[in-house]
Amino acid sequence: MEEKQDLLSLDKAELETLLLSIGEPRYRAAQMFSQLQHGRAPEEMTNIGKQTREKLAAVAVYSLPRVRQKLVSALDGTVKYLFELADGHCVESVLMHYEHGTTICISSQVGCAMGCKFCASTIGGRVRNLTVSELLGQVIAAARDSGERIGGIVMMGIGEPLDNFDNVVKFLQLVNHPEGQNIGYRHISLSTCGLVDRIDRLAALALPITLSISLHAPDDETRSAIMPINRRYPIAALLDACRRYYAKTGRRISFEYTLIAGKNDAPEAAKRLALLLNRSLRTRTESMPIHVNLIPVNEVEETGFQRAGKQAVARFAAVLEENGIRATVRRKLGADINASCGQLRRADLKEKNGENNK
Ligand code: SAH
């Protein structure tokens, strides 16, 4: 028997093909697409007859991630969801409230294969990619649960989005669809540890999303020590890809820099970082707008890394600014609910495995 199709993963043409294959008229796809993309299951569609629903149920499924745990920050209203997927695996999403609206941070994979030394999400490796339906499902389920209109997306949750390239691209196109969630590409950012070949593939599509690069170090030696991907794609190759991305899309690129005490937080590191970005990305003929986000590392029990002190962070930012690089220190949202990524899933896994979770 053929596997059932997942309705939320289908674009309009695919939905039409499926509906035609079970003898439904062409206009049915137009009737259903928008409702599916807004979280309504076929059973809930009052304009679809019982017979159609039964035929559809024989060849397709519809499901949204289930809220397994929900934590609301008493400090700033940030909401963290632990979503359970159809096969029991869990991922995290975070709703953040800004002056300009609500943004959701979503996961792209169950676990992660990249092995960054400071990160909680990669500790158990990559379990699997999320499907298009599960990517969309996080946005839809959070919107339904919270009753809020979600205006922006950051792909900075669990997983490496460019390691799940095809599903992520289809997700971006569907979540941007005017009859769906209709979230503008300019309100979507995608964060990557630096898969150079995939950055080029993404650039070729010219979607006007914002690219965020997890840089975290000003030189190859330091970067390779905390991010194994740097051995495959060293800094020079990564920054070249950034230039190509900018040339193709005209979108500014932001750089993430996690500050770890004693590893990458010295003023000299800031100086080297400024030099590196200025030399690599600013030539006489083109001057790329650059922005650095400084994030004091979230301490993860298993990694042993400690966050840089307040003074070191302020100093680091000042040195960047003095050298012509705009920098902001990331405001920490949801500090009381462990809102940084991967940690809730880890805690849940530990509990399932009966580990002592101090
Ligand atoms: N795989 C993608 C996106 C997920 S991680 C990437 O690497 O960009 C989102 C951001 O959080 C990345 O910049 C990542 O390096 C950073 N990050 C991971 N663990 C962290 C921690 N313990 N403290 C602070 N930032 C962390």
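This briefing covers the domains, the main sheet and one pocket of the structure above. The model is predicted. The protein is divided into two parts: domain 1 (5-61) and domain 2 (66-357). An open sheet of ten strands is described below, followed by the second largest pocket, which has a volume of about 300 Å³.

**Domains**

- Domain 1 spans 5-61, and domain 2 spans 66-357.
- The C-alpha centres of domain 1 and domain 2 are 34 Å apart.
- The two domains touch: 14 residues of domain 1 are in contact with twelve residues of domain 2.

**The sheet**

- Ten strands form an open sheet in the order 3-4-5-6-9-10-11-12-13-14. The pairing is mixed.
- Strand 3 (66-72) and strand 14 (326-329) stand at the edges. Each has a single partner strand, so one side of each is left without a neighbour in the sheet.
- On average, neighbouring strands of this sheet are turned by 25 degrees against each other, direction ignored.
- Strand 9 (residues 150-155) pairs with strand 10 (residues 188-192). The sense is parallel, and the pairing runs over three bridges.
- Met-155 has Leu-190 in strand 10 as its bridge partner.

**Helices on the sheet**

- Helix 4 (residues 132-146) packs on the sheet. Helix 4 touches strand 3, strand 4 (79-84), strand 5 (90-98), strand 6 (101-105) and strand 9.
- The direction of helix 4 makes about 125 degrees with that of strand 4.
- Helix 11 (residues 310-322) also packs on the sheet. Helix 11 touches strand 12 (253-259), strand 13 (290-296) and strand 14.
- The direction of helix 11 makes about 170 degrees with that of strand 13.

**The second largest pocket**

- The volume of the second largest pocket is about 300 Å³.
- Its lining has 18 residues. Asp-6, Ser-63, Thr-131, Ser-133 and Glu-134 lie nearest the centre of the pocket.
- Helix 4 and helix 5 (165-175) are the elements that give two or more residues to this lining.
- Helix 4 supplies the largest share of the lining, three residues. Helix 4 is also one of the helices that pack on the sheet.
- By class, the lining has seven nonpolar, five polar and six charged residues.
- Both domains take part in the lining of this pocket: domain 1 (5-61) and domain 2 (66-357) each give at least three residues.

How values were computed:
Residues are numbered from 1 along each chain as its sequence is written. This is a predicted model: local features need pLDDT of at least 70, side-chain atom pairs count only at pLDDT 80 or more; totals for chains, interfaces and linings use all residues. Side-chain values use heavy atoms; hydrogens and water are left out. Two strands pair if DSSP finds at least two bridges between them. Helices (H or I, at least four residues) and strands (E, at least two) are DSSP runs, numbered from the N terminus. Axes are lines fitted to C-alpha atoms, for helices over the stretch in contact, and angles run from 0 to 180 degrees between N-to-C directions. Contact means heavy atoms within 4.5 Å. On a 1 Å grid over the protein atoms alone, a cavity is a set of points where a 1.4 Å probe fits but cannot get out, and a pocket is an open set with protein on both sides within 12 Å along at least five of seven lines; lining residues have an atom within 4 Å of a point. Grid points are joined across faces, edges and corners, and a volume is the space filled by probe spheres set on the points. Ala, Val, Leu, Ile, Met, Phe, Trp, Tyr, Cys and Pro count as nonpolar, Asp, Glu, Lys and Arg as charged, and the others, Gly among them, as polar. Domain bounds come from an automatic or database domain assignment.
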